[in-house]
Every structure is written in C-alpha cells, then in structure tokens.
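The following report looks at how the chains of one assembly meet, beginning with a shared sheet and then turning to the wider contacts. Please keep the structure at hand while reading.

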Amino acid sequence: MKSTRPITIALVASALASLALTVVYLRGGQPQAEGALLAVSLGGIAVALVLIAQRFLPHGPFVEQRDVEPGAPRERMLAEEDFDRSSDEIERRGFLGKLLGVAFGALGLAALFPIRSLGTKPGRDLFHTPWGPGVRMVTGENAPLRLTDIPVNGFLTVFPEDATHAADAQTVLIRLADGDLPPGPPGAAVEGVVAFSKVCTHAGCPVGLYQAETRELFCPCHQSVFDVLQAAEPTDGPATRPLPQLPITVDEDGYLVARDDFPEPIGPGYWNRGR
Amino acid sequence: MIRKTVGWLDARIGGSAFTRHALNKVFPDHWSFMLGEVALYSFVVLLLTGIFLSLFFDPSVSETVYEGSYEPLQGAEVSDAYNSVLRLSFDVRAGLVMRQIHHWAAIVFVAALVVHMLRVFFTGAFRKPREINWIVGLTLLILAMFNGFTGYSLPDDLLSGTGLRIAYSIALSIPLIGTWLAFLLFGGEFPAEEIIPRLFITHVMIIPALIIGLLAVHLAIVWRQKHTDFPGPGRRESNVVGSKLWPTYAAKSAGLFFAVFAVLSALGGLIQINPVWLYGPFEPQQVTSPAQPDWWLGWVEGAMRLFPAWEIRALGFEIPNPFFPAVLLPGITFALLYAWPFLEQRFTKDLEYHHLLDRARDHPVRTALGVATTTFYLVMFLAASNDLLARWLGLEVGHVTLAYRIAVFVAPALAGYVSYRLMKALLLSGAETFREMPFAALRLKKRPTRV
Amino acid sequence: MVLGLATLPLLLVACYDRAERPYRPPGIADSAVPHEGRTLYLRDCAWCHGNAGGGTSRGPDLVTGTNGPALNHFMMSSGRMPLENTGQRVQRRESLYTDEEIASIVGFMRDFDARGPEIPEPDPDADLQAGLLLYQENCAACHSTTGVGGALTAGERDVAFREGPSLVAPGLLDSTTTEIAAAVRAGPGTMPVFAEETLEDDELSEVTRYVVYLQDPSDRGGAPIGRVGPVAEGAVGWIVGLGALLIFIRWVGTKRGEL
C-alpha cells in the first residue's frame, strides 16, 4: 500500500501557505513573504499532483497506433476534385481572375500606406542638431557657462540654450590638462576647453566615461574608445568614426557659445550619411 | 453533478467520441519532452501576471512629478510610464512581486524555449513530417525574444532606454530603408514620444495574440501527428507508448504547471530583478556601466562588441558597422535555422517519415554541427559581459575582448570536432553510456572494429 | 645542520613576507613613533614622493594639480597609499593608518603648499532627490547607477609612474562620506575633477548623500545579486529557475529505456 502521507503533508502545507498569504496581504503585503508563501502554496499542489499520479493513477505503459504517414492520398484526390468543381467556368474567363488579382493587388498596396502615418519623414533631421553659430552652451539646468566654470580635467555634459531635452545635441565639455595640445581645426577649441558630441558614432549610447589621465572617452555599451587629443578619433572598439567636434568660442559677455553646428552628422551611421 | 453537466453539454454540442479519443490519447512521457511544457506554463504565468500589470502600467512619456513612497525620487520629474512602474513596485500591494514574477517568467520562458529547441534539434524531431512545427516553433522563439525586449523597455528606465537607443541605431544601419524604418517605428528622431505606447500595444496585444495563435497551431500539430519518442522497449515507428492523457498525463502536466508557477513565485519574491528605481529614469544624455540587455539578446550584444571597426563606405553612401553583427548575423542565423530541416534532407537524402527520435550519437555530423553552432553563439553571449569579466578577473577589457574574438572561432571548431569524435566513438563502440565506452574507441580510425 | 639549512629558506621567505607596506629602502626600521605626521610621512611616503613632496623618479609630486588635503586624505583613508612597490596597482585596500594618523600626516603635508581642494565636510542632510539627479548625470556612467563600479579602458597613452593602467572606476559601496566628497573634488587617478565652479558645495553634499544611500539602498525586491543587472539575472534564471525545473521534470518524467 503506497503511502498518502507525503501527499497529505504537501496539500496541508499548501493550504496553510495560502492562508498565510492572505494574512500577509491583508496586513499590507511584503514581497519576500508573498513570493515564498506563494511558492509553497503552489509547490505543495505541484508535488501532490505528481505524487498522486505516480502512486495511484494508472501508468501503463499504454500503446496507441499511429499513422506513419499522416497523409491520405485517396482523400486528397477527392478533395482536389471537390475544390476544382465548376472551375472550368472561371478558367474559360481567365481575364476575370487576372482582374481580381489586379483589384486585390491595388487594394493591398493602398492598404500599406497608413504605415507612412506612423512617423515623420527622416529628411535632413539626422544631419542637423539645434547647435548653430552663436548658440549659447548651457548645463542640464539651462544655466549658461563661462570658461571659469570648468576646471582642468573637468568633464561636463552641456546642451544648446533652451534645448536641454534635445537628445542629438548632447555634448561633452572637457578642459584638457596644461600642456595638452588642443585637437581639432583652428578655432575649434578655446583656452584648452574642447567640446565633442556625446552620442557614440557606433550605436548611439552617450559616451559618458571620461578618463582624465589618458584623455580618453569610453563608451560603456560596446567599449569604443575615443582619444580626445586626436579629436576623438576611435582607437579601440567597434566605432569607425570620431565623435564630431563642436567648434566653440566665448561670446562678448564671456559665455561659452558654439561657433557653428557640428561639421558632420552626429551619432551612428545611416546609408546616406555622407551626402 | 459533473455527470449531469457533461450530459447537458453533450446533448447540445455532442463530441463524446472526440472526448473519448482525447482522454485515451497516449503521450510519451520522457522527461525531456516536458521542456516545451515548461515554456508553455511560463507563458501562462506571463499572461496571468501580465494582465495584472497592464491594469496599472501607464504607457505614456508625458512628464509627471513622482510623489510615491520611494524617497530618493520624490519630487523628481519622470515619465508617466516610469512613475506607474515605481507605483507598482512601492505603493501597490503585491505589485512588486507580480512585476518580478513576470520578469523571471520571461527569463525562464525563453530559456526553456531554447533548451526545448535544442532537444528537438539534437533528437532530429524536426524531420518529416514535423518540419512545419519546427518553423512554427522557431517563430514562437523569435516572438518570445521580441516580446521580452519590448516588455523590459516599457518602464522607461535608464538601462532599457539605452537599449532602445541601440535598437534605433540598428534600425538606422539597414541600407536604403534604415532611416525610414527607424523614423516610422519610433515616430521620429530618437527619443520619439511614440515609442513607449507602441511598445506597450505590441507587448500586450499584438505579439501575445500571435504567440497564442501559433501556439495553438503548434499544439494542434503535435496532437494530430502524435508526439515522437525515443527508440526503446515496445516502441515502433507505427505506435506511441506512454501514459494516457487522462488521468495520469493530465495530472502530471498540471503538477508541472504548479511547479513552474511555484519556482517563478519563489524567484519573484526572493530575488530582486530589474530594480528600475536604482537605475533611474531614462534621460538621453545619461548612461550606466555595465550595460547589457536581458540574456536572450546577449549574443547580439556580444557580436556588436566583438565585431571589429569595419564598415562599408562608397560614394557618400555607407553600410554602418552595427548592420553586420546586429542585422546580418541574426538574419543569417534564423534563415539557417528555418532552413535546417530542408538542408539536412538535402544532405542526407533522407525522405522517410520519422517518429522515432535519434540519440545524439546516431547522427554525429548533425550533433557536431549543433554543438559547434551552439558554442559559437555561447561565446558571443559570454562576450556581452566582457566588461564584468574584466572587472572580476582584474584584466584589461580590451584583452578580454581579444580573447573572445579568438575564442569565437576556435571554440566552436574545437567543440564540434570533439563532439563528433565522441559521438562516433560512442556509436561504433556499441556502448550505452559514456561510462561503458572503452577508451580505445576514442582512437578509432576510419574502419571500426565493431559495426 | 641540515635542519638549519632547510629552515633558512623558510626564514627568508618569512622575512620577505613580513616586509609590509609601504615600500621603503632597507634599513629604515618599523619604528614605534606613531601619530606624528612628519615622521610617518618621512618613513612611508618620502622615498617615492620626496621629502617635501617634490616627487622622485619613483613617484609623482604631491604639489601640482589637485594635490592637497582632500586628495591626500582620500589616498590614505582608502588605503590606496602607501604602495608596497612602485609597480603596484592603485586600488582600495585596508588603510594602513588610523584616522588620527591620517589627519596628522595631512596636517604635515600642508607645508608643501599644494593648492588642491580642502577636505570637504558634506552636509549629511542634503537633498536626496537632488543628489540622485546629480549622480545620474555625472557619476553613473563610470560608477554604475547602483554604485558597484564599472570597467574602464586600459588607456592608449602611457601614464607617468603607472605601470598598470586604470582598469576600473571603482565601486563606491565601501567608501566613507569624506572619501566620496574628497574624490569628487580632487579627481584622483583618472577621474575627472568636479571643482566648486562645476559643482557647488551644497550639490557636493547632495551627491555625497546619494552615494551613501547607494551603500544601503532599497532592495525591496529581495536578494540584490550584485546589482549588476541582466547578467546576474540571466545566470540566476538559468541556474536556479530552469535548473530547479529540470530537476522537477526529471522526477516527473520517465528516462530512456523505462517502460
């Protein structure tokens, strides 16, 4: 006689756990208790069911025949005949079938067009950012910046004024160490302060890690390394293009401003990026 | 009482014959055949917990001020989506445990699907007449992976938002249509406002509907063709041996459902997953390190880290770098997977019906190719955590990446070769298990000593 | 005699092993004059950094850049300094000194006239929410949103006096409040500098308070499994989740050859 004891224990434990779960819930809930009690409550039933199956239910082995080949050629032939019934009428007027095809095809094509409503046209959106000549540089709180606001080896994320939510305009501002030769074309840097697009040219993650000792920007997503002293040229990892450098200067009030937008599209590549 | 109800139904719908047939249906009950059920029941748990979550989640990126009970974020401007997930996690009773069970269920769901697929592959269960189900099953896997991605991107937190940015860039990288595809999918330039609501409807309606539909087809085909089985005592191509659906198989299967739910509940309450309050809300200029997607996308992430800085540029046009590891590789992967039953048929010229399964050793070439391929994706998967490994072992992350770049070619070749030799040796030695196999068998030359 | 010869190498090894940090030339005894800043400095630091912090061929000066009380305190409090030898990696270890000794050495080093930042005194009641915002914006990229730290690139450029490159942005979970604030101001190693121009004192207090919070954050969901994200979660899901269920189905189902 196989014992029912373990099954009884499992089911009683389950019921008690369910009860406890209700109490826990009524008293405000607690995630660990909820999960553990639910596990006991469900697990008890699980164990009980399997034990019942193993001990008290018929387990054969039972045998059933199967068709090695599921298909039935004769039935298929009869089905084909049924399907082809009175198809001669249609076949004699072949152009009807063709016209139906044209109508369906045209409708299908028209039906695809709502897809166009899903988004805006890319156009030249990817080619520009809100930066432009004279646009002031601000912090995330829209506060303008002076040169004195960034110390040697300082690293800041900056935006164009009034565009602090513009994801494509995110820019890193770095003051190089004394003695570093500022990279980029003449006029791009100002007094050892340089600015580069923060959007990784590989897959678009913000390049938020700056290593001041080696003047390298490091992207955490796929480990691209950009050498700031070589104008953010990628020196390791899968990135193939440098981070575009934002040419900056100081306006007459002493605030940092951009001289122009980035010289090339920021961020990851797309098929017509070079045009 | 049950008898009366059944009688009432039968008088109106009929179907007693079908019921009899169903109750007596025989199912082989080898333990490895239950992997599909583990996946199925994980999906059921996903549906149950998902319904609860969907009653609270707010699929909107409109800004709101967080005023819930998580102190560090009180007063912060966050999106409605993020706010609703925080609310679920801290201020809705059972909210956090439901969220966590849901996410653990997704992890186990895809894991079970992959192991189930490997079982089907290595036992040759995809052979005629089951090619259709192989295709349906693969599609289910893709849908599951996709739904997992859309799901964990819903809370609009910093980690998943970074993943969305990468997804956007991958779409951009597709030649000719990339920019349009990204703009139409997301609704504009990144981060477009449309994406969270669209992910939501994809995640709770479109893909689950497809999954349920395909699941029904998958199970119906198994029902119709009857399950395969390993060769063994009393088993033939022309029969099925096992337990009857009612009561034994149903009881065991129901037990399995409760066990799946129990394990997922334990995980959901006891082990923290996706603590979005610690990750912070998504801001496009912020990022965290380490940054990885959920595990089933690890192979794509790893491929992106391993693939060198190559891209194709000509005449102002380009095919950017991410296209190769993140579009071309997965495309080829799934194309080959879909085609496999037909490719194997072509190579083996085997057009027979098969209802009895292979053991891995019965088909050493298939096994070796499967092991090699699995190793290939496994190495890429491991490469996705190259920065974590570098940190834990005190190595330079560049060196770890280089090691993986070598391993991704060497390891599969080695694993494939070793498994081929082992399978061949096992087969030709006639032993049942590895332990019984004479060591000399491993040094087999082309001509075996024993057929 | 044989026994003596046999024990000699052991003794030598033992002596070598007992030569503790810091690196100093043989002959300078591990003297018993604690607390006195000047003596400690000359005993432990001067060999590499020079008697007046001017630097030597073995170590950088302690006067230029952000060198100053904050950096000095940080280095000694976190056990990064003194090093055992010049090639050793600079990383957190148990500090060699007591708090009084550190204060004493820092006091002595003020004579070097370094112009780096003072030891900050962050306000422990600063705004936590503001701290979170600042942390996410400025710190999370290197140190992780959860403060567990992250990998860095090894560096293409040689760094003076450094044989081993900076491999990590370290975890912050073991740092004291002063260490956190001091590091932010002084930008040790490869860390950028967040001076008062960039981060005001009240902002420094806020971000410091948030880092302290991360040392004991809300783990309402259960065991935090390292707070590194999906990698650990995937591992647990496979090993614990699928693993448990594999055991279960082995129990429920038959094995091959069984009837």
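## A sheet shared between two chains

In this predicted model, A:V63 has B:V241 as its bridge partner in β4(B). The neighbouring bridges can be followed residue by residue: A:E64 stands opposite B:V240 in β4(B), while the bridge partner of A:F62 in that strand is B:G242. These pairs belong to the antiparallel pairing of β1(A) with strand β4 of chain B, residues 239-244, which extends over four bridges.

Which strands make up the open sheet, and in what order? The sheet has three strands, arranged as β1(A)-β4(B)-β1(B), and the pairing is antiparallel. The edge strands, each pairing on one side only, are β1 of chain A and β1 (26-27) of chain B. Within chain B, β1(B) and β4(B) are joined in the antiparallel sense by two bridges, and B:V26 has B:K244 as its bridge partner in β4(B).

The bridge partners named above are collected here.

| Residue | Bridge partner in β4(B) |
|---|---|
| A:F62 | B:G242 |
| A:V63 | B:V241 |
| B:V26 | B:K244 |

Is β4(B) largely enclosed or largely open, and why? Five of its six residues are buried, so β4(B) is largely enclosed by the rest of the structure. A helix also lies across this part of the sheet: α10(B) crosses β1 and β4 of chain B and runs at about 75° to β4(B).

## The contact between chains A and B

The strand pairing between β1(A) and β4(B) can be set beside the contact between the two chains, to which chain A contributes 68 residues and chain B contributes 82 residues. On the side of chain A that touches chain B, at least two residues each are supplied by α2 (31-56), β1 (62-65) and β9 (233-236) of chain A. The element that gives the most to this side is α2(A), with 15 residues. By residue class, the side of chain A that touches chain B divides into 36 nonpolar, 22 polar and 10 charged residues.

## The contact between chains B and C

Chain B also meets chain C, with 64 residues of chain B in contact with 54 residues of chain C. Two or more residues on the side of chain B come from each of several helices, among them α4 (80-90), α5 (95-122), α7 (158-172) and α16 (397-429). The largest share, nine residues, comes from α10(B), the helix that lies across β1 and β4 of chain B. The side of chain B that touches chain C is made up of 39 nonpolar, 17 polar and eight charged residues.

## Two domains in chain C

Chain C is divided into domain 1, residues 21-119, and domain 2, residues 124-219. The centres of these two domains of chain C, taken over C-alpha atoms, are separated by 22 Å. Each domain gives 19 residues to the contact between them. On the side of domain 1 of chain C that touches domain 2, the residues divide into eight nonpolar, nine polar and two charged.

Definitions and conventions: Residues numbered from 1 in each chain as written. Chains lettered and ligands numbered in written order. Predicted model: local features only at pLDDT ≥ 70, side-chain atom pairs only at ≥ 80, totals over all residues. Contact = placed C-beta atoms within 7 Å. Nonpolar A, V, L, I, M, F, W, Y, C, P; charged D, E, K, R; others polar. Pairing = 2+ DSSP bridges. Axes fitted to C-alpha atoms, helices over the stretch in contact; angles between N-to-C directions. Domains from an automatic or database assignment. Buried ≥ 20, exposed ≤ 12 C-beta atoms within 10 Å, placed from the backbone.
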